[in-house]
Amino acid sequence: MIEVAAPRNGKIREVMVGVGDGVRHNQELLIIESPELSTMILAPETGVVERLYVAEGEQVKTGQLLACIGNSR
């Protein structure tokens, strides 16, 4: 199981996947927006989204867990 964490502080602008969705390596998962820039969060490996810890509009801090990706089924 792989945990995906926020690389910076910001606000979740868009969540592009849901729990149970299959994702491939480098697929877009969500976007974090801050005053300086927008950061696209990509899947670190192929698998299935097992958990989302955030929702659109939520503020996040650096290192906060965003999602959990498990092995492909």
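**Exercise 1.** Leaving aside its neighbours within four places in sequence, which residues is Thr39 in contact with? Work it out on this predicted model, then decide whether Thr39 is buried or exposed.

*Solution.*
- Step 1: Find Thr39 in strand β5, which covers residues 38-42.
- Step 2: Skip the neighbours within four places in sequence and list what Thr39 still contacts: Pro7, Arg8, Leu30, Ile31 and Ile32.
- Step 3: Check the accessibility. Buried means under 20% relative accessible area. Thr39 has 16%, so it is buried.

**Exercise 2.** Take stock of the whole protein: how many helices and strands does it have?

*Solution.*
- Step 1: Count the elements, and you get zero helices and eight strands. Along the sequence that reads β-β-β-β-β-β-β-β.
- Step 2: Look at the overall dimensions. The C-alpha atoms fill a box of roughly 40 × 20 × 15 Å along the principal axes. For 73 residues, a compact globule would have a radius of gyration near 11 Å, and the protein agrees, with 11 Å.
- Step 3: Turn to burial and surface. Of the 73 residues, 36% are buried. The accessible surface is about 4,200 Å², and 46% of that belongs to carbon and sulfur atoms.
- Step 4: Tally the charges. There are 7 positive and 10 negative side chains, with the centres of the two sets 3 Å apart.

**Exercise 3.** Sort out the open sheet of four strands: what is the strand order?

*Solution.*
- Step 1: Trace the strands across the sheet to get β1-β8-β6-β3, paired antiparallel.
- Step 2: Pick out the edges. β1 (2-5) and β3 (22-23) each have a single partner strand, so one side of each has no neighbour in the sheet.
- Step 3: Zoom in on one pair. β1 and β8 (residues 65-70) run antiparallel over four bridges, and Glu3 sits opposite Cys68 in β8.

**Exercise 4.** Now try Val23 and Glu50: which one counts as buried, and which as partly exposed?

*Solution.*
- Step 1: Place them. Val23 lies in β3, while Glu50 belongs to β6 (residues 47-52).
- Step 2: Read the accessibilities. Val23 is at 4%, so it counts as buried; Glu50 is at 36%, so it counts as partly exposed.
- Step 3: Look at partners beyond four places in sequence. For Val23 they include Val17, Leu29, Ala43 and Ile69. Glu50 touches Met1, Val19, Cys68, Ile69, Gly70 and Asn71.
- Step 4: Compare sequence with space. Val23 and Gly47 are 24 residues apart along the chain, with 5.5 Å between their C-alpha atoms. For Glu50 and Asp21, the figures are 29 residues and 8.1 Å, C-alpha to C-alpha.

Conventions: Residues numbered from 1 in each chain as written. Predicted model: local features only at pLDDT ≥ 70, side-chain atom pairs only at ≥ 80, totals over all residues. Heavy atoms only, no water. Pairing = 2+ DSSP bridges. Helix = DSSP H or I, 4+ residues; strand = E, 2+ residues; numbered from the N terminus. Buried < 20%, exposed > 50% of the residue type's maximum accessible area, 1.4 Å probe, protein only. Contact = heavy atoms within 4.5 Å. Rg over C-alpha atoms; globule rule 2.2 N^0.38 Å. Areas by Shrake-Rupley, 256 points an atom, 1.4 Å probe, with all protein chains shown as cover. Lys, Arg positive; Asp, Glu negative; His and termini not counted. Charge placed at Lys NZ, Arg CZ, Asp CG, Glu CD.
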